[in-house]
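User: Could you take a close look at one part of this model for me, starting with a ring and working outwards to the charged side chains? I'd be glad of the numbers and cut-offs along the way.

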Amino acid sequence: MPSRASLTFDHAIQDAVDLVNHFDKLNTQPPPPENEVLKRASLVMALAALETYFEDRLVEAVDSLCGGGDSSAQTRFMRDSLANDLKYFHTPSADRVRPLFQKYLGLDITDSWKWNMMEPSGARNELNKLAKKRGDIAHRSGRPANGVPAKHAVSRDDLRRHIHFIRSLVVATDAVLAEPG
């Protein structure tokens with residue numbers, strides 16, 4: 001059964017997919033430069049959906065560990081500590097995800113990021129690259145300067161691969177957290 005966090009993610013990632021679809025509908029040859037913003041926005045939205053997934057999924061797992069109430073001081077401390085840590089999470093890189101899951105669940109969640117032709121180390125590297133690219137786009141725009149030809153910050157094919165990769169991370173993370181244990 002999918003987690004509540006993954007159901008929320010499925011809804012949120014659709015914004016990134018919709019932006020790619022809008023880009024495709026508006027695309028002509030040669031593509032108008034102003035349409036490139038849709039691809040950059042799509043990547044930002046995809047990483048935002050992943051960030052929210054990791055936050056929600058960790059809260060969900062901690063709630064499951066702590067049980068229904070806030071009766072004990074330890075439970076309140078754990079939930080309050082997690083809420084405080086999540087205020088500073090912001091970037092869903094492997095280097096930020098791993099320590100949070102280790103701290104609250106005693107689990108290196110990144111070790112579960114394995115599927116088809118992807119190994120955990122490759123998934124960690126790929127996520128770190130995507131998080132950096134998202135940061136560059138969000139904080140430095142990635143918009144080409146007027147009249148200066150430049151490589152696009154995000155290609156359409158790369159974007160579709162990135163969204164697929166992000167979805168695969170969610171599936172792998174949810175699968176390991178759903179295991180009894």
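Analyst: Y53 counts as buried because its relative accessibility is 1%; buried stands for under 20% relative accessible area, exposed for over 50% and partly exposed for what lies in between, with a 1.4 Å probe and protein chains only. Please keep in mind that this is a predicted model, in which local features need pLDDT of at least 70 and side-chain atom pairs count only at pLDDT 80 or more, while totals for chains, interfaces and linings use all residues. Residues are numbered from 1 along each chain as its sequence is written, and side-chain values use heavy atoms, with hydrogens and water left out.

Now to the ring partners. A pair of aromatic rings is described by the distance of the centres and the angle of the planes. Here, rings of Phe, Tyr and Trp (its six-membered ring) pair if their centres lie within 6.5 Å, and planes under 30 degrees apart are called stacked, over 60 edge-to-face and the rest tilted. The structure has five aromatic pairs. One of them joins Y53 to F9 in an edge-to-face arrangement, with 6.1 Å from centre to centre and 70° between the planes. That pair connects distant parts of the chain, as F9 sits in helix α1 and Y53 in helix α2, 44 residues apart; helices are DSSP runs of H or I with at least four residues, numbered from the N terminus. F9 is buried too, because its relative accessibility is 2%.

Next door in sequence comes another pair. The planes of F54 and F101 are at 80° and their ring centres 6.2 Å apart, so this pair is also edge-to-face. Because F54 belongs to helix α2 and F101 to helix α4, the pair ties together parts that are 47 residues apart in sequence. F54 is buried at 2% relative accessibility, and F101 is buried with a relative accessible area of 2%. Put together, F9, Y53, F54 and F101 join W113 in one aromatic cluster.

Staying on helix α2, E55 is worth a look. E55 is buried yet takes part in no salt bridge, and R96, the nearest side chain of opposite charge, is 8.9 Å away. For that statement, Lys and Arg count as positive and Asp and Glu as negative, while His and the chain ends are not counted. If its neighbours within four places in sequence are set aside, E55 is in contact with L86 and F89, where contact means heavy atoms within 4.5 Å. Over towards helix α1, the C-alpha of D56 lies 8.7 Å from that of T8, although 48 residues separate the two in sequence. T8 is found in helix α1 (residues 4–26) and is partly exposed, because its relative accessibility is 40%.

R57 brings us to the salt bridges, of which the whole structure holds 12; the criterion is a side-chain nitrogen of Lys or Arg within 4 Å of a carboxyl oxygen of Asp or Glu. R57 meets D174 in one of these, at 2.9 Å from N to O. The two come from distant parts of the chain, with D174 in helix α6 and R57 in helix α2 (residues 36–66), 117 residues apart. Both partners are buried: R57 because its relative accessibility is 7%, D174 because its value is 11%.

Helix α6 reaches helix α1 as well. R156 and D24 form a salt bridge at 2.6 Å, N to O. This links R156 in helix α6 (residues 156–178) with D24 in helix α1, 132 residues apart. R156 is partly exposed at 30% relative accessibility, and so is D24 at 26%. The bridges extend further, since D24, R156, D157 and R160 are connected in a network of salt bridges.

Helix α4, home of F101, carries a charged link of its own. K103 forms a salt bridge with D85, with 2.8 Å between the closest N and O atoms. As K103 lies in helix α4 (residues 94–105) and D85 in helix α3 (residues 73–87), the pair ties together parts that are 18 residues apart in sequence. K103 counts as exposed because its relative accessible area is 52%.
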